[in-house]
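Me: I have a model open and would like to check its labels against their definitions. Could you walk me through them?

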Amino acid sequence: MTAPLLNVRGVETYYGNIRALNGVDVEVHRGEIVSLIGANGAGKSTLMMTICGKPQARSGSISFEGQDITRLPTHEIARLRIAQSPEGRRIFPRMTVLENLQMGASLDNLKHFKDDVEKVFTLFPRLKERQAQRGGTLSGGEQQMLSIGRALMARPKLLLLDEPSLGLAPLIIKGIFEAIKKLNKQEGLTVFLVEQNAFGALKLSDRGYVMVNGRVTMSGTGKDLLANPEVRAAYLEGGRH
Amino acid sequence: MANVASTTASAGSELTARALREAVFSGLITLGLFVLFVGLKTDQNIRNELILTQHWVLLAIFVIVAMVGRFLMVAYAQPWLAQRKAAKAAAPEVAKEESFFSRNFSKIAIVALVLYPPVIIALVGVQGSLKWVDNFGVQILIYVMLAWGLNIVVGLAGLLDLGYVAFYAVGAYTYALLSTYFGLSFWVLLPVAGLLAACWGVVLGFPVLRLRGDYLAIVTLAFGEIIRLVLINWTEVTKGTFGVSGIAKATLFGIKFDASKDGFAALMGLPISSAYYKIFLFYLILGLALLTAFVTIRLRRMPVGRAWEALREDEIACRSLGINTTTTKLTAFATGAMFGGFAGSFFAVRQGFVSPESFVFLESAVILAIVVLGGMGSLTGIAVAAVVMIGGTEILRELTFLKMIFGPNFTPELYRMLIFGLAMVVVMVWKPRGFVGSREPTAFLRERRAVSGSFTKEGHG
């Protein structure tokens, strides 16, 4: 196997004196969809944020395409084409949909703006209808689409998605997951996904990691994890979406 | 169904009764509020004794005005407003075609401003134009420019700056000191003042990079005070509270505005008057203000301007999109400060005198109030707010007829801040986002579509 695109080795992250991540190892290879599942407060989002350099890991290393990015500031990490749809979507509420997308294309100074906007609009036709509307007036699902679309505008090599299903109706979650799958199949986009919606995420993913109290306790292919009785008991039974 | 008519009648009398009741209440409140402010007043007589002057008639007028006002409000204004609201809700939404005036507002305004001095001269003569061009024109335009400059920091980048007057001071003292000590001309020192102010903008920017909102406001407030206190206490250079006086006037391509034989008036064959210099200053500040607006409009369409606006919305999202928030903030501070510096050097050249007294916190507050009232980010709204606020306070000086009503001791200027505050409250109640609350989007694929005002409520869903 070739070297992984993203390689997280023994990462420990602290909030003050509280250890949120306790020696996490995760790797993501080119062309994969990898998901990280776990309960509330397991440290999933912390891992995502640590990859992006805010907060930085106290020990361990994170490398992207063989380059060590552990100590890089967030905006430099983003410049390596690691795009993120952050937790809570974090779109720009007073700016229009189109302006939001424009901000996503800041890295290339809008060189491919028109082509990329068309691509995003094909993927999420709803955004095309709403292009002149303010981001803050969109529904939750549309905001999530916009957040992903904005991340895609940077032509990422790796797309990080933090809880894309948060607070959305099942039908909309399905649409978003399908869009992610489509991006992966058609464009070969590598996706690293953090989810509480374990069933949907694992079904979508090539591989998955399970996180408990700041440690990765299990890993395997999406199918294996879905079939695993422990995973089923902890995350799937009684909560199937 | 026989009692329909009597129901409406009783509703009417009920309304009147309620209005009367509320009128009595507001009368009592007014009485309570003003009895010590207006009704009784302590004063010192000629022998330094404390005496009590009584103004019962004035107090009665206050109370009656409040009661009548409240009665009319409850009995007539409120039902009328409710009715209009209901009618508006019932009427179908019609796309309103913007009138020619509102579409071309800024062009019309610029043309009007260019024509302003000649029109005034034609109306009131050269000597009479002094007051209108200088007190109204130049004074208002200085504040327009300052508010537009501050708008870059507060309106676009969303960094609450309460010490903006510091950069104004830096610009003013740059010109005042360098021209008195080294004899440099205004046109050389104008860019120098902008540059120095921008440098101070960066100096302020560095320590506050990690701060936002209230915390940022406190630090910038302190910064403004530090600059002022330095100006007061560094007496060897700045002459402290005495200020720098006798500052050289600006020239037009080397032509001086004085009574000499190669001065402007002599060259043009015009009678000698100080009005020409004021008119020259008017066009100068108009040019500087328009430059500020032009740069702001252009920057908004450029990556750095877009980054400012994104930064105002969400700093974390900005970083995750590869925007260096440090440089973005510093450029916002520097650009805003630069225009403050330009305005400052203009101020010095106009007054011919600068002292720390011109750069107190109140000035920062007034500029910020103009930005907020106008609608953060909207150049048109801010210009309108500046005209209303600064022009309004200037007009107060003109209202001498009020002395006839309130007696010869009444000086309307003293009520400036009261009216300022009242206007602020009224605007914020009726238009919480300022005069122009909608923001003009900068990205279009095909046609230009303004974001309508009804979409400007904040949404987090």
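Me: Happy to start with a hairpin: how do you know that β9(A) and β10(A) pair?

Reply: Two strands pair if DSSP finds at least two bridges between them, and β9 (residues 207-212) and β10 (residues 215-221) of chain A have 6 bridges, in the antiparallel sense. The cut-off is therefore met. A:Val210, for instance, stands opposite A:Met218 in β10(A). The hairpin has 2 residues between its strands, and A:Asn213 in the turn has a positive phi of about 45°.

By the way, this is a predicted model: local features need pLDDT of at least 70, side-chain atom pairs count only at pLDDT 80 or more, and totals for chains, interfaces and linings use all residues. Residues are numbered from 1 along each chain as its sequence is written, while chains are lettered from A and ligands numbered from 1 in the order in which they are written.

Me: What makes β6 and β10 of chain A edge strands?

Reply: Each pairs on one side only. The open sheet runs β6-β7-β8-β3-β9-β10 in chain A, with mixed pairing. Within it, β7 (residues 158-162) and β8 (residues 190-195) of chain A pair in the parallel sense over 5 bridges, and A:Asp162 has A:Val194 in β8(A) as its bridge partner.

Me: Which elements give two or more residues to the side of chain B that touches chain A?

Reply: They are α11 (303-313) and α12 (315-320) of chain B, both helices (DSSP runs of H or I, at least four residues). The largest share, 6 residues, comes from α11(B).
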